[in-house]
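Here's a quick tour of a protein model, written for someone just starting out. Have a look at the picture first, then read on.

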Amino acid sequence: MPAFRQVGEKQLPNPVLCMAWSPKRDLIALASTTGELLLHRLASFHRVWSLAPSEHIGKEITSLAWRPDGKILAFSLGDTKQVVLCSVEKAEILHVFHTQKPVSCMHWMEVTEECSALGSFYQSEDESKLFLPKLASLPKSYSTTSKLFSEEKSDEIMNLLGEVRLNILVLGGDAGQVELYAYGMYKIATLAGVSGSCRTLSLASDLKSLAVITEVKSAEDHAEICFVQLDTGLLSDCLPELTRMARKFTHISTLLQYLHLSLTCMCEAWEEILMQMDLRLTKFVQEKNTSTQVQDEFLELLLWGQSSPELQALLMNQLTVKGLKKLGQTIESSYSSIQKLVISHLQSGSEALLYHLSEVKGMSLWKKKFEPLGLDSAAIEGAITAVGSFSLKTSELLQVIDKSMKNFKAFFRWLYVAMLRMCDEHVPPELNKMTQKDIAFVADFLSEHFSKNEQLFDRKGKYFNVERVGQYLKDEDEDLVSPPSTKGNQWLKFLQDSAHLKESPLLFPSFPQKSLHFVKRMMENVIELCLQKPAQVIGKSVKQSAFLPLYSAPQRSENAPRLFELPSLWNDKKAKMHYVVFCMPHIFPHQLYLLRKASDPNRHIPNCVTSLDLSHHLDASDGESAEPRPRSVYGCLDARFYSDEMLTVVLQGTEDENSRSVLAQVSLSSTLKCEIEFNWTPNMRLDQQSSSIPCQGLVLGNQWRELEGMKAQFVAVNGIREVACVLSENLRHLRVFEMDTEDEDDEPQNDSAEQDTLDATMTSQGDESAEAGNDEAGKTEEHLELEETSEL
């Protein structure tokens, strides 16, 4: 019986660029050359969901990374220079941020260090819930074609923070840029000066260093693969303060996105009002023969009670009494939606922003703790002022909406009565009375909402506009067309007469001439500047502690994606070590090398480099034959860390009579205990002194399996879930294995109830595809087992 149990096999229509196992579940994410993102489950390898490429997001996926809790999947796009955070449960895009240059590799890690200060912070993290109301869910989109906003998505956005424990998304680029994002959202460091382009990277779990594999081009255009270690001691030394600051700023980033989506919903409600009225008025304007304005037609009806034949035909034939009531209800509902969004979303969101920024200001005043991280109290004070101005503008908009709704209700009530009289129908006594104030409301409505020139198409409404409200929602720099009147405002008069209060920093500026969009954009820019300074300060504190040139890079295959190529990085959390596994096929094609470096740059490791000889005797102990096979020589195609002391490798015979592919588990326990010290000669590449590297023999035992009928090339593994996925040379053929067959009946113990619930949700979503694929997968597995039996 071969080692490792095959549980799935798949032929994909498009080549795979990158693949990554979920750290918590039996799920694997695949990115294809077409830009499609696929999520597959281990069982029968059926597809859970797929995310198609789009012009807005991008089509060139360059790397993948899972959040440590397995609930968020991050992927980078080279064509649009964006990083996207996607919900694993529903394949929804939750957050998108831009980078200055394309991202080539990512690593998402979780901090495992513990201290008493962090313990108290974890317990008090939810204090904001005691003082702030829960933010309301966003309403469903008004547009039937848009699926961007939904109640479920707004809840997901507020849950983007995840667990309180700090996790950091590390991005590396072709230009050598490295960026660190706390909780995958807030940039806490921008690192410059890394030589070459980043191939892969790994941040130590104790935050003491960052390991980067780079490809450096020489003057002769020869590429060298180098190991770079960056000292990130400031992150480690200030871990409690960093966690508090990052948590607060991530709250702030999430709230800014919440306000943005709320304002977008308001704009949709505003456009709904324009569309409903324009649908009724367009045909009337096109068919009327008179030169009078729409506004004049309604004014004549208001003053004299007489209407033109065209207006009467519009009201009685196209609009009708019943249609008028329905139209009035629709527009009133849209007005109410805008009003509710201002109260329950914009005002609540700005209050939460003020709360969190005030707490950050308190942190910045504790200079001994937070000044090294770059918190600037003056910049935070400016952000608080900008949020206060936004809050004032929302209150101003509420007053304008309230007045517009009064005019709107008076207009539709008057028009309803006029249409009843045209039909010679009974007018209810409570509607028949119209005061002078009501007439003024109707006149105001006509003057504000009907264009003076029906041929102007520069507004979103051709013949009807909600300028009084709509001017606040326009994303323009121009001043308001009709700003609110401040005549008789005693508070403003008091401020203007007071020389001391006029310039007081305690009062928020109101910007009476600007729109809500303008003030929101100004607030976002000020907060963005406030958030950027810590990233710059922390980035400058990071210094290079080691630069080790490994070997001259061979000519890359055009078919092989760079993400699959060695070297491979691993961080041993217990031993606090960085491991690098790599090959030098152009010099010693039958050896696999292991480089070890302590995560603490000041800690010395004596036997830092060892190698494994891949010449191995694969015996026939699994069969009936007593004759052993001859000693074979293998080359390593790919190697990934399965655990701290285990490698999963794909080997291929290098001889003509033995070109088979083998999947194997290689124990590193003896290699890690090697006592022969390697003395690295300075200013020389490792491949130039490889003859003095201590070498260990390869011991596989029965931990290997021949991959028949497959030209295997790459492998992705998850030691926690004990699974591996092998990818063929053509990047289309996949096989999935359970690596620990002895424990296959045991359920993993590291799943929480919350994760089980999510698994059940995704299972229900993929039931149909699973049922269709189960029979086929079962037949495939039976066929493969029959083949293996016949060979034995």
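A disulfide, as counted here, is a pair of cysteine sulfur atoms within 2.5 Å. In general, a disulfide is a covalent bond between the sulfur atoms of two cysteines. Keep in mind that this model is predicted. So how many disulfides does the rule give? The count comes to zero.

Let's check out two of the cysteines anyway. Buried means under 20% relative accessible area, and partly exposed runs from there up to 50%.

| Cysteine | Relative accessible area | Status |
|---|---|---|
| Cys238 | 10% | buried |
| Cys423 | 27% | partly exposed |

Now for the helices. Helix α8 covers residues 321-365 and helix α10 covers residues 377-422, and the two pack with their axes 9 Å apart, at an angle of about 170°. Anything over 145 degrees counts as roughly antiparallel, and that's why α8 and α10 get that label. What sort of residues make up the contact of α8 with α10? There are 29 nonpolar ones, along with 13 polar and six charged.

On to the strands. Five of them make an open sheet with mixed pairing, and the order is β18-β19-β20-β21-β26. The edges belong to β18 (568-572) and β26 (695-697); each has a single partner strand, so one side of each has no neighbour in the sheet. From one strand to the next, the twist averages 25°.

Zoom in on one pair: β19 (residues 577-584) and β20 (residues 588-598) run in the antiparallel sense, joined over eight bridges. Which residue in β20 is the bridge partner of Met584? That's Phe588.

Methods: Residues are numbered from 1 along each chain as its sequence is written. This is a predicted model: local features need pLDDT of at least 70, side-chain atom pairs count only at pLDDT 80 or more; totals for chains, interfaces and linings use all residues. Side-chain values use heavy atoms; hydrogens and water are left out. Two strands pair if DSSP finds at least two bridges between them. Helices (H or I, at least four residues) and strands (E, at least two) are DSSP runs, numbered from the N terminus. Axes are lines fitted to C-alpha atoms, for helices over the stretch in contact, and angles run from 0 to 180 degrees between N-to-C directions. Angles under 35 degrees count as roughly parallel, over 145 as roughly antiparallel, 65 to 115 as roughly perpendicular and the rest as oblique. Ala, Val, Leu, Ile, Met, Phe, Trp, Tyr, Cys and Pro count as nonpolar, Asp, Glu, Lys and Arg as charged, and the others, Gly among them, as polar. Buried means under 20% relative accessible area, exposed over 50%, partly exposed in between (1.4 Å probe, protein chains only).
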